[in-house]
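Colleague: I would like to learn how to read a model like this one. Could you walk me through it, feature by feature?

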Amino acid sequence: MNKKKEQQVKIMIQKELRYLGYNPKYYGTKYMMDAIFILYCYGNDIDNNLSKYVYPIISKKYNKTMQNIRCNMINATDLMILECEEIRLMRYLKYFNYSKPGPKKIIEAVLNRINKKYL
C-alpha cells in the first residue's frame, strides 16, 4: 500500500471512530485505530483471534502488555457507548435490538464501512 492510500485509510478510520463518539485523546482509541488498520492491511478476517494476531503487534509498537491494550480498548468503547446516541450506534452496527457492543464488534463494523468505500 502506498503512503497516500495508507494516510487516506487512517483518516477514514479516525473519522468513523469520531462519528461513533470515540475520544481521540484516549489510548484505547489509538489502539482501536491501529487494530482496524492492521486488519485492513493484512486481511480483515475478524474471525481470527485479536489476542493472537493483532494485540501483539500493537503491544510491541507501544511497549505495553496485551492486557493493557485490551483493557484500554474496552474502556474507550465503554466511554463511547455513554457518549453515542443509541439509535446512531444501532444503525451503524445494523442492530435491530440494542445490546452493548465490544471492541471486536466496533472493529468489524468500521472495517465493513471502509471496505465498502474503498473496494
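Colleague: Let me start with a single residue. Which residues does Ser51 touch, not counting residues up to four places away in sequence?

Modeller: Happy to help, and please keep in mind that this is a predicted model. Ser51 touches Pro56 and Met66, once residues up to four places away in sequence are set aside. Ser51 itself lies in helix α3, which covers residues 50-53.

Colleague: Is Ser51 buried or exposed, or partly exposed?

Modeller: The relative accessible area is the value to read here. For Ser51 it is 33%, and since the range between 20% and 50% counts as partly exposed, Ser51 is partly exposed. You can also compare sequence and space: Ser51 and Arg70 are 19 residues apart in sequence, with their C-alpha atoms 8.3 Å apart.

Colleague: Now let me step back. How many helices and strands does the protein chain have?

Modeller: The chain comes to seven helices and zero strands. Read from the N terminus on, its elements run α-α-α-α-α-α-α. The radius of gyration is 14 Å, close to the 14 Å that the globule rule gives for 119 residues, so the chain is as compact as a globular protein of that length. Along its principal axes, the C-alpha trace spans about 35 × 35 × 25 Å.

Colleague: What percentage of the contacts with a separation of 6 or more joins residues 24 or more positions apart?

Modeller: Such pairs account for 62% of those contacts. As for burial, buried residues make up 39% of the 119 residues in the chain.

Colleague: How do I read the packing of two helices?

Modeller: Two packed helices are described by the angle between their axes and the distance between the axes. Take α4 (residues 55-62) and α5 (residues 66-83): they pack at an angle of about 100°, with their axes 8 Å apart. That makes α4 roughly perpendicular to α5.

Colleague: Which residues meet where α4 packs on α5?

Modeller: From α4 come Tyr55, Pro56, Ile58 and Ser59, and they meet Met66, Ile69, Arg70 and Met73 in α5. The residues of this contact divide into six nonpolar, one polar and one charged. You may recognise Pro56 and Met66 from the residues that Ser51 touches.

Colleague: And what lies in the loop between α4 and α5?

Modeller: Asn63 has its place there. Asn63 is exposed, with a relative accessible area of 70%. Look at its backbone too: phi is near 55°, a positive value in a residue other than glycine.

Colleague: At what angle do the axes of α2 and α5 cross?

Modeller: They cross at roughly 105° and come within 7 Å. That makes α2 roughly perpendicular to α5. On the α2 side the contact is made by Tyr27, Gly28, Thr29, Tyr31, Met32 and Ala35, and on the α5 side by Asn68, Ile69, Asn72, Met73, Ala76 and Thr77. These residues divide into seven nonpolar, five polar and no charged.

Colleague: What are the angle and the axis distance for α1 and α6?

Modeller: Here the angle is about 140°, and the axes are 10 Å apart. That makes α1 oblique to α6. Glu16, Tyr19 and Leu20 in α1 meet Arg88, Leu89 and Tyr92 in α6. Sorted by kind, the contact has four nonpolar, no polar and two charged residues.

Colleague: Let us turn to the core. Which residues have the most contacts inside the largest nonpolar core?

Modeller: They are Ile106 and Ile107, in a core of 35 residues. The elements giving two or more residues to this core are α1 (3-20), α2 (27-41), α4, α5, α6 (86-93) and α7 (103-118). α2 gives the most, with eight residues.

Colleague: Which residues does Ile106 contact, leaving aside its neighbours within four places in sequence?

Modeller: Its contacts are Leu17, Leu20, Tyr22, Met32, Thr77, Met80, Leu89, Leu93 and Pro101. Leu17 is a good one to follow: it sits in helix α1, and it is buried, with a relative accessible area of 1%. Leu17 and Ile106 are 89 residues apart in sequence and 8.8 Å apart in space, C-alpha to C-alpha. Beyond four places in sequence, Leu17 also touches residues including Thr29, Met33, Ile36 and Val110.

Key: Residues are numbered from 1 along each chain as its sequence is written. This is a predicted model: local features need pLDDT of at least 70, side-chain atom pairs count only at pLDDT 80 or more; totals for chains, interfaces and linings use all residues. Side-chain values use heavy atoms; hydrogens and water are left out. Axes are lines fitted to C-alpha atoms, for helices over the stretch in contact, and angles run from 0 to 180 degrees between N-to-C directions. Helices (H or I, at least four residues) and strands (E, at least two) are DSSP runs, numbered from the N terminus. Angles under 35 degrees count as roughly parallel, over 145 as roughly antiparallel, 65 to 115 as roughly perpendicular and the rest as oblique. Contact means heavy atoms within 4.5 Å. Ala, Val, Leu, Ile, Met, Phe, Trp, Tyr, Cys and Pro count as nonpolar, Asp, Glu, Lys and Arg as charged, and the others, Gly among them, as polar. A nonpolar core is a set of buried Ala, Val, Leu, Ile, Met, Phe, Trp, Tyr and Cys residues joined through side-chain atoms within 4.5 Å. Buried means under 20% relative accessible area, exposed over 50%, partly exposed in between (1.4 Å probe, protein chains only). The radius of gyration is taken over C-alpha atoms; the globule rule is 2.2 Å times the number of residues to the power 0.38.
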